[in-house]
Amino acid sequence: MSLDKEKLEIVKATAPVLKKNSIEIGKHFYELLFTKVPELRNIFNQTNQKRGLQQEALVYSVYAAGENIDSMENINQLVERIAEKHVSLGVKPEQYPIVGEVLIEAVQDVLGDAATDDVIEAWRAAYDYIANLFIEIEKKKFDKTEQQEGGWTGFREFVVDEKIQETSDVVSLCLKPKDGQPIAAYKAGQYLTIKADIDGEPHTHMRQYSLSGPSGKDYYKISVKREKGHGDWPDGVVSGYLHDQAREGDTLELSAPAGDFTITSEKGPIVLLSGGIGLTPVVGMLDTIAEKDPNRPVTFIHATQNSSAHAMKAHIEQIAADHANVSSFVCYDSPSDADRTSRNYDKEGFVDLPWLQSILSCGNKADFYCCGPAPFMKAVDQGLKEWGVSSEKRHYELFNPVSMLNERSEEKEAAIL
């Protein structure tokens, strides 16, 4: 399927209009969708809905696809990331048409007279084109996931084998398959999707949590931060459930590992940068390199508030002590008096370019893998750009669905669904 030249030009010309109105269109879209198809609430993150985070992300991604409709290779990373998320959530081909119709209706309602028949017809054709692209990509991913050893599609029951309190706000869960059968291997940096039916909650909740341990074991390990609400933002429903209600021996439903934030470079030094709970996927990368590639230089840099918020601190220190190829650095922005007395960190304040330049013996020739809150990620990305680190060597995971980062100059700003 392809778009004719006239429709293609209309889509590209009007894509900025969708971007400009993305918040309003996104908000109206979800209102319409959940009214028309209430069961789809089970797929979308309802906490992020209440926080207003997903509304803009959806239309921003549609805008990015429309702007690049004749050169989708420009946004390969965005397409790959969304497809991985859809596979992890179990999105079905038959769900695309209803979502498309609701999206077009939302665009019409918000844009009013600007949404002429020609514009709507062009965007309807563009949506069909984009949907078919995702359906095709996702089918291949579903098939690959199901056919690998220990793989499965849909959701599978796992038992909480061990629950570890890492800090007051971070808990790790070790999960073993209830059926006792093999489990799928995964690439360091990927995540699991948990499906939770929680007492008192009207909808099923699905959340992605990064795998925080190495592959090849008979269990999966995830580490979850309690998401605390503030102001009008509610507490995280699933993170609170896993902290307060999930017990050893309880059963959770999981989809197979997914995600595109993985080590793609095969040689040369690696720098792993994390902020807060963003350490979960990069700790998995650190474990994997230490175990399987012990001659590869790796620098692990973690930024957090202080030692009381520093999850897996002892584990990381032990890896650095046991492996000559591993260097570890810690940055606290609010060290406690005890931290200052023991000097158990390397920098007070925030990660910045001068400090990175002072500690990295590999200079800017490494591959950089970064994960953390949006402000942390943007600061790191800007610093690496100033240092001349090419886009091909800057790799990111974004937990926040509305976080936008110039991951590649030709991709513009990519929103994650």
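This text goes through the salt bridges of a predicted model and then through the packing of two of its helices, α1 and α7.

Side chains of opposite charge can pair when their charged atoms come close. The structure holds 23 salt bridges, and a few of them are described here.

Start in helix α7, which spans residues 117-147. Within this helix, K139 forms a salt bridge with D143, and the closest N and O atoms are 2.9 Å apart. The two residues are four positions apart in α7, about one turn of the helix. K139 has a relative accessible area of 52% and is therefore exposed, since exposed means over 50%. D143, with a relative accessible area of 27%, is partly exposed.

A second pair involves two strands. The side chains of K176 and D161 meet in a salt bridge, with an N to O distance of 4.0 Å. K176 belongs to strand β2 (residues 170-177) and D161 to strand β1 (residues 156-165), so this pair ties together parts that lie 15 residues apart in sequence. Both ends of the bridge are partly exposed: K176 has a relative accessibility of 28%, and D161 has one of 41%.

A third pair joins D352 and K347, whose closest N and O atoms are 3.5 Å apart. Is K347 buried or exposed? K347 counts as buried because its relative accessibility is 14% and the limit for buried is under 20%. Its partner D352 is partly exposed, with a relative accessible area of 32%.

Salt bridges can also share partners, and in this way D4, K7 and E121 are joined into one network. Two of these residues, K7 and E121, appear again in the contact between helices α1 and α7.

Two packed helices are described by the angle between their axes and the distance between the axes. For α1 (residues 5-20) and α7, the angle is about 95 degrees and the axes are 9 Å apart. That angle makes α1 roughly perpendicular to α7, because 65 to 115 degrees counts as roughly perpendicular.

Which residues of α1 and α7 make the contact? From α1 come K7, I10, V11, T14, A15 and L18. From α7 come D118, V119, E121, A122, W123, A125 and A126. Sorted by class, the contact of α1 with α7 has nine nonpolar residues, one polar residue and three charged residues.

Terms used: Residues are numbered from 1 along each chain as its sequence is written. This is a predicted model: local features need pLDDT of at least 70, side-chain atom pairs count only at pLDDT 80 or more; totals for chains, interfaces and linings use all residues. Side-chain values use heavy atoms; hydrogens and water are left out. Buried means under 20% relative accessible area, exposed over 50%, partly exposed in between (1.4 Å probe, protein chains only). Axes are lines fitted to C-alpha atoms, for helices over the stretch in contact, and angles run from 0 to 180 degrees between N-to-C directions. Angles under 35 degrees count as roughly parallel, over 145 as roughly antiparallel, 65 to 115 as roughly perpendicular and the rest as oblique. Contact means heavy atoms within 4.5 Å. Ala, Val, Leu, Ile, Met, Phe, Trp, Tyr, Cys and Pro count as nonpolar, Asp, Glu, Lys and Arg as charged, and the others, Gly among them, as polar.
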